Amino acid sequence: METEHRKARGIPSLADEAYRRAMMALLEEKPFETITVSSIIARAGYSRAGFYQYYDSKYDLMQRLLEDEADRYTEILCGCVPAGTSMPISEDFSYRITRDTFQNVFGKKALYRFIINSEQEAYGREAFCRLVTERFLDKAEIRRDDSRVDPELENIFYYCQTRLYLSYIAYWSQHGFAPSPEEMARQVTCVIRCGMEKAVLHRHRKR
């Protein structure tokens, strides 16, 4: 469900941050469908009028949380790639970006469970992948090794990469977010390396 009217975004105030933290905490305790605006307000400790100053509904608040997380996800990747350079394809880079991503996810387990399991079109994996892709394409300094690739292929690349990471996170979630983010990153990096080695072997066999 998406609201027709959206409040203007800006730097979150103390009250706004409290509503966001309240939603995140409630997601740890119960399904999103059973969370009410009243419960968010009670947990935040601010007024009902204050809530509606920032959000139209709990759905509006959730949309903001997803947008913020898409921003954070993009920042993690951008932080691993120096401005003006292309995205490296190496085992060390794969480990660093995967470790940083999983460390971020570990602190927001309930939110990612919601993204992975949501049956609502506006909040599930597809929606998150679209948000992330939009943000990647806005970052002109981030490019794959072949910066000549056309925009549509870049769109596909970023979408598929995000979808792949969500699959790793879904597997991790099913196992209770064990092992640790660092160990999970090592395992995923190994999977990525094996996939790259098979791709190289396949290309050699075709020659």
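**Entry 1: D16**

I started with D16, which counts as buried because its relative accessibility is 4%. My cut-offs: buried means under 20% relative accessible area, exposed over 50%, and partly exposed in between, with a 1.4 Å probe and protein chains only. I am working on a predicted model, where local features need pLDDT of at least 70, side-chain atom pairs count only at pLDDT 80 or more, and totals for chains, interfaces and linings use all residues. Residues are numbered from 1 along each chain as its sequence is written, and side-chain values use heavy atoms, with hydrogens and water left out.

D16 is found in helix 1. Helices here are DSSP runs of H or I with at least four residues, strands are runs of E with at least two, and both are numbered from the N terminus. Which residues does D16 contact, leaving aside its neighbours within four places in sequence? I found Y54 and Y55. Contact means heavy atoms within 4.5 Å.

**Entry 2: the overall picture**

I counted secondary structure next and got nine helices and zero strands. From the N terminus on, the elements run α-α-α-α-α-α-α-α-α. Of the 207 residues in the protein, 43% are buried. I also looked at contacts with a separation of 6 or more: residues 24 or more positions apart account for 71% of them.

**Entry 3: the core and Y19**

The largest nonpolar core has 55 residues. By nonpolar core I mean a set of buried Ala, Val, Leu, Ile, Met, Phe, Trp, Tyr and Cys residues joined through side-chain atoms within 4.5 Å. Which residues have the most contacts inside it? They are Y19, M23, I40, M62 and F102.

I followed Y19 further. Leaving aside neighbours within four places in sequence, Y19 is in contact with I40, I41, A44, Y46, S47, G50, F51, Y54, Y55 and L61. Y54 and Y55 had already turned up as contacts of D16.

**Entry 4: helix 1 on helix 2**

I checked how helix 1 (residues 14-29) packs with helix 2 (residues 37-44): the angle is about 115° and the axes are 8 Å apart. Axes are lines fitted to C-alpha atoms, for helices over the stretch in contact, and angles run from 0 to 180 degrees between N-to-C directions. Helix 1 and helix 2 are therefore roughly perpendicular to each other. The classes I use: under 35 degrees is roughly parallel, over 145 roughly antiparallel, 65 to 115 roughly perpendicular, and the rest oblique.

The crossing of helix 1 and helix 2 is right-handed, meaning that the near helix is turned clockwise from the far one by less than a right angle, whereas anticlockwise would be left-handed. On the helix 1 side I listed A18, Y19, A22, M23, A25, L26 and E29, which meet S39, I40, I41, R43 and A44 in helix 2. By class this contact has nine nonpolar, one polar and two charged residues. Ala, Val, Leu, Ile, Met, Phe, Trp, Tyr, Cys and Pro count as nonpolar, Asp, Glu, Lys and Arg as charged, and the others, Gly among them, as polar.

**Entry 5: helix 4 on helix 5**

Helix 4 (residues 58-79) and helix 5 (residues 91-106) pack at about 150°, with axes 9 Å apart. That makes helix 4 roughly antiparallel to helix 5. Their crossing is right-handed. E69, R72, Y73, I76 and L77 in helix 4 meet F93, I97, D100, T101 and N104 in helix 5. I noted five nonpolar, two polar and three charged residues in this contact.

**Entry 6: helix 8 and the loop after it**

T162 lies in helix 8 (residues 151-174). Is T162 buried or exposed? At 0% relative accessibility, T162 is buried. Not counting residues up to four places away in sequence, T162 touches Y73, F128, C129, V132 and F136. Y73 is also one of the helix 4 residues that meet helix 5.

F157 is in helix 8 too, and counts as buried at 16%. F157 and T133 are 24 residues apart in sequence and 8.8 Å apart in space, C-alpha to C-alpha.

In the loop between helix 8 and helix 9 I looked at F177. Phi of F177 is near 55°, a positive value in a residue other than glycine. F177 is buried, with a relative accessible area of 4%. P179 has its place in that loop as well, before helix 9 (181-206). A cis peptide bond joins A178 and P179, with omega about 5°.

**Entry 7: A110**

Last stop was A110 in helix 6 (residues 109-117). A110 counts as buried at 6% relative accessibility. Its contacts, neighbours within four places left aside, are M24, L27 and E28. A110 and K30 are 80 residues apart in sequence and 9.5 Å apart in space, C-alpha to C-alpha.
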